[in-house]
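Biologist: I am new to this structure and would be grateful for a close look at one part of it. Please take the part step by step.

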Amino acid sequence: MDAAPGTSSGTQKKGSSDDEFEADESENDVLYEVSTTDDDISSESEDESEEEAPAPPRGNRTCPVPKRAKLGDDWNRSNTPPIVDDFTANPGLTIPLPTTPLQFLQLFFTRAMVEYLAYETNLHATHIIHLMADSARNTWKPVSVKEMARYLALCILMGIVKMPTMRMYWQTNQMWHCRFFNLFMSSARFQHISKFFNMYNKKGVPVNNSDRLIKVRPLMDYFSEKFASVYIPKKELSLDEGTMAWRGRLSFKVYNPNKPDKYGVKFYMLAEGTSGYIYKFDVYCGIGKTTVETVMGLMAPLVNKSYHLYMDNYYNSVSLTEQLREVGVYTCGTLRLQRGAPKDLQQVVKGKMATDTTLYMRKDNTFVIVWKDKRPVSVITNIHNADTTQSQRRMWEPTCEIYIYLIYMNLYLR
């Protein structure tokens, strides 16, 4: 290696003279055309051995031999700010602003959705009710739209008011009594609806089905389209994954020991950076999509509007940054250097770097920056250049509550 990678000061490196590479460049720039005909085969030398097997006949074809590019040839140390287009979307609500919390909720839980769930639940009950005993058949009655709305409301309330068992929600003990459950629905009716609750016709599943989420796909697609149609996000977006806790039997259940909920279903969520509003989401099923396909699918409705997408090193790569740049999406986030970063930076990181050192390299509009604090941190961006700013760490300041607590403990210990 003739010179080290660039630093944040933007110093240009001294390259070798152009004469040293004139020969290599002239050879690599040529695309050779290979044309083979039957006449060429028949005109071969007759002195060759007759025992040699004849060459198979081949038709006319042209095969351009591509130029073999050297790794790192396109990377340079220019610190000129990248070209970023102006933001062209119109963020905000696409509907009149609701005035009450109920109206906000009804933006997503519409009457059409509740009617659909009630219909599918009754249809599922009719398919399997004849297999049950006579006593169970007599106790079931079709669920109405009003009952389904109350059922969904109680399910949401259970996520807010958490109790050890479901039976405790209907008990009248003063310690944990919650009167809304007994007021709107009995415990037996709630369990009956839960037994037959369904959102997809079981007999409508194709024989060769490969979608693991087909039974919840209608509701997922409904919410995903509803989130995108109600609100247009601002310029800064964030893409990350989240886990919905689940310990039951599921083929694509994930395990992460570093999460509070170690077992669950993983979601990919595209959210607005300032408010956290989830614009679009996808569910990890274990098969079917690569990381690049997942990111491109989530960003499909927002292309060519100069959105800024922030991701961590689970998603980022040089190729993904370039693909998103082609459709008008700019990215920034941490990077695993083996995902397309220049070899120069990878070699430097393997060695010893001084603390508070910044190294960078650039290709077209993409910067790969490595900064050393306690350990090297690599970043990829086509929004910023390699300039850094000094930040001052604040000293810890005790709050007023801590002062009151210390005074109280001092008086108490006396």
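Which residues form a nonpolar patch on the surface, and how much accessible area do they have together? Please continue from there to the helix H6 and its contacts with H4 and H8.

Modeller: It should be said at the outset that this is a predicted model. The nonpolar patch on the surface is formed by Leu102, Leu105, Ile156 and Ile160, which together have about 390 Å² of accessible area. Two helices, H3 (101-106) and H6, each supply at least two residues of this patch; Leu105, for instance, is found in helix H3.

Helix H6 spans residues 145-160, and it packs with helix H4 (residues 111-128) at an angle of about 100°, the axes of the two being 9 Å apart. Angles of 65 to 115 degrees count as roughly perpendicular, and H4 is therefore roughly perpendicular to H6. On the side of H4, the contact is made by Arg111, Met113, Val114, Glu115, Leu117, Ala118 and Thr121. Helix H6 contributes Val145, Met148, Ala149 and Leu152 to the contact with H4. Sorted by class, the residues in the contact of H4 with H6 are eight nonpolar, one polar and two charged.

Helix H6 also meets H8: their axes come within 11 Å and cross at roughly 95°. This angle makes H6 roughly perpendicular to H8. The residues of H6 in this contact are Glu147, Met148, Tyr151, Leu154, Cys155 and Met158, while H8 supplies Arg189, Phe190, Ile193 and Ser194. Met148 is thus listed in the contact with H4 and also in the contact with H8. By class, the contact of H6 with H8 has seven nonpolar residues, one polar residue and two charged residues.

A salt bridge also joins these two helices. The side chains of Glu147 and Arg189 meet in it, at 2.9 Å from N to O. Glu147 lies in helix H6 and Arg189 in helix H8 (residues 187-196), so that the pair, 42 residues apart, links distant parts of the chain. The count of salt bridges comes to five.

Terms used. Residues are numbered from 1 along each chain as its sequence is written. This is a predicted model: local features need pLDDT of at least 70, side-chain atom pairs count only at pLDDT 80 or more; totals for chains, interfaces and linings use all residues. Side-chain values use heavy atoms; hydrogens and water are left out. Axes are lines fitted to C-alpha atoms, for helices over the stretch in contact, and angles run from 0 to 180 degrees between N-to-C directions. Helices (H or I, at least four residues) and strands (E, at least two) are DSSP runs, numbered from the N terminus. Angles under 35 degrees count as roughly parallel, over 145 as roughly antiparallel, 65 to 115 as roughly perpendicular and the rest as oblique. Contact means heavy atoms within 4.5 Å. Ala, Val, Leu, Ile, Met, Phe, Trp, Tyr, Cys and Pro count as nonpolar, Asp, Glu, Lys and Arg as charged, and the others, Gly among them, as polar. Patches are made of residues with over 30% relative accessible area and no salt bridge: like charges are joined within 9 Å, nonpolar side chains (Val, Leu, Ile, Met, Phe, Trp, Tyr) within 5 Å. Accessible areas come from the Shrake-Rupley method with a 1.4 Å probe; for residues, only the protein chains shown count as cover. A salt bridge is a side-chain nitrogen of Lys or Arg within 4 Å of a carboxyl oxygen of Asp or Glu.
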